[in-house]
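Student: Could you take me on a close look at one part of this model, the open sheet and the residues around it? I would like one connected account.

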Amino acid sequence: MNRAATIALLFVACTSRVLAATYQLSDNHVGSDFLSSFTHQAIADPTHGRVNYVDQATALAQNLTYASGNTFIIRADSKTTLSASGPGRNSVRVKSVKTYTTHVDVFDIRHMPQGCATWPAAWETNESNWPNGGEVDIGVNDQSPNAMTLHTGPGCTMPASRSQTGTATNLDCDANVNGNSGCGVTAPTANSYGPAFNANGGGWYAMERTNTFIKVWFWPRNAGNVPSDVRNGGSSVNTDNWGTPTAFFPNTQCDIASHFSPNNIIINLTLCGDWAGAVFNSDGCPGDCNTYVNQNPSAFANAYWDIAALRVYT
């Protein structure tokens, strides 16, 4: 899951912090708008998951994509028993047509995929220049709390102590070391991810990217401190009013402008693969991950995204 916002001129940044943190609505992705503003990527899964990403026509015909009103759903197939020698389970990966640098994303999510083997992701990256173009992502196998993570080329690290409500894990963002674990921050609440997130009706994730920092916030659906511009999908947002972020990635030891290029927004659901497959058993899931996916279609009945809106502010 990758996001960005740039303060262009020093004197502007110095004159008004409020102005620097105010963004106007650029793209309002709700319901059927996703069908034209995002492309379904029928590609081989770059993370080697047990999935078969399908095109938009196939996804709509098989009800793996549904868009109406303020509902956009993408899901994995939950009906087909697979042959071990055949393709993976049909699933969906969508990528924004537009790319973004300076911006704020606000995801209003009702439900995210859950269950053994699931690896849902809402993220940003530059696929043609990964990891040197940067990546911001969010998650795996029902495991909460959520982890928000940056992946970059060499030379980008984070300080151990910084102003955030989450807890820092690895500090080196370089995707070429530490098994591509990146530099992560775990959220302080269990309802930030997986079954606990879904049971609570979901919530809002927001990301602000600038040349000086990347910040991520999470507010549960029933939280009393959800900013009004987030809850109501405002025509503008002022991130200065949002309080301490869940995750804060400053540029003190990382030149964000050079490590993050224009990024697409990607929302997908893979199964097993490099990450979810590696922790399948340690997360309490039975047997072999790929075999589980092949033989248990009904286990993926809750493996779906239900997104009320994705609003991008620039």
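**The open sheet and a buried asparagine**

Tutor: Happy to, and let me begin with one residue: Asn263 counts as buried because its relative accessibility is 0%, where buried means under 20% relative accessible area, exposed over 50% and partly exposed in between, with a 1.4 Å probe and protein chains only. A word on the source: this is a predicted model, in which local features need pLDDT of at least 70 and side-chain atom pairs count only at pLDDT 80 or more, while totals for chains, interfaces and linings use all residues. Residues are numbered from 1 along each chain as its sequence is written, and side-chain values use heavy atoms, with hydrogens and water left out.

Asn263 sits in the loop between helix H7 (256-259) and strand E18 (264-271); helices (H or I, at least four residues) and strands (E, at least two) are DSSP runs, numbered from the N terminus. The Asn263 side chain makes polar contacts, meaning pairs of N or O atoms within 3.5 Å; within protein, one must be able to donate a hydrogen and the other to accept it, and residues adjacent in sequence count only if both atoms are side-chain atoms. The side chain of Asn263 reaches the backbone oxygen of Gly133 at 3.2 Å. A polar atom of that Asn263 side chain also lies 2.9 Å from the backbone oxygen of Ser261.

From this loop we can step into the sheet. Strand E18 belongs to an open sheet of 8 strands, in the order E2-E7-E18-E9-E10-E11-E13-E12, with antiparallel pairing. Its edge strands are E2 (38-40) and E12 (167-168), each pairing on one side only. Two strands pair if DSSP finds at least two bridges between them. In general, strands of a sheet pair through backbone hydrogen bonds, either parallel or antiparallel.

Now follow the order from the E2 edge. E2 and E7 run antiparallel and are joined by 3 bridges, with His40 opposite Val94 in E7. E7 is in turn joined to E18 by 3 bridges, again antiparallel, and here Arg93 stands opposite Asn268 in E18. Strand E7 (residues 93-96) is covered on both faces: Arg93 and Lys95 on one side are buried, as are Val94 and Ser96 on the other.

Further along the order, 3 bridges join strand E10 (residues 135-137) to strand E11 (residues 147-151), and these two run antiparallel. In this pair, Asp137 stands opposite Thr149 in E11.
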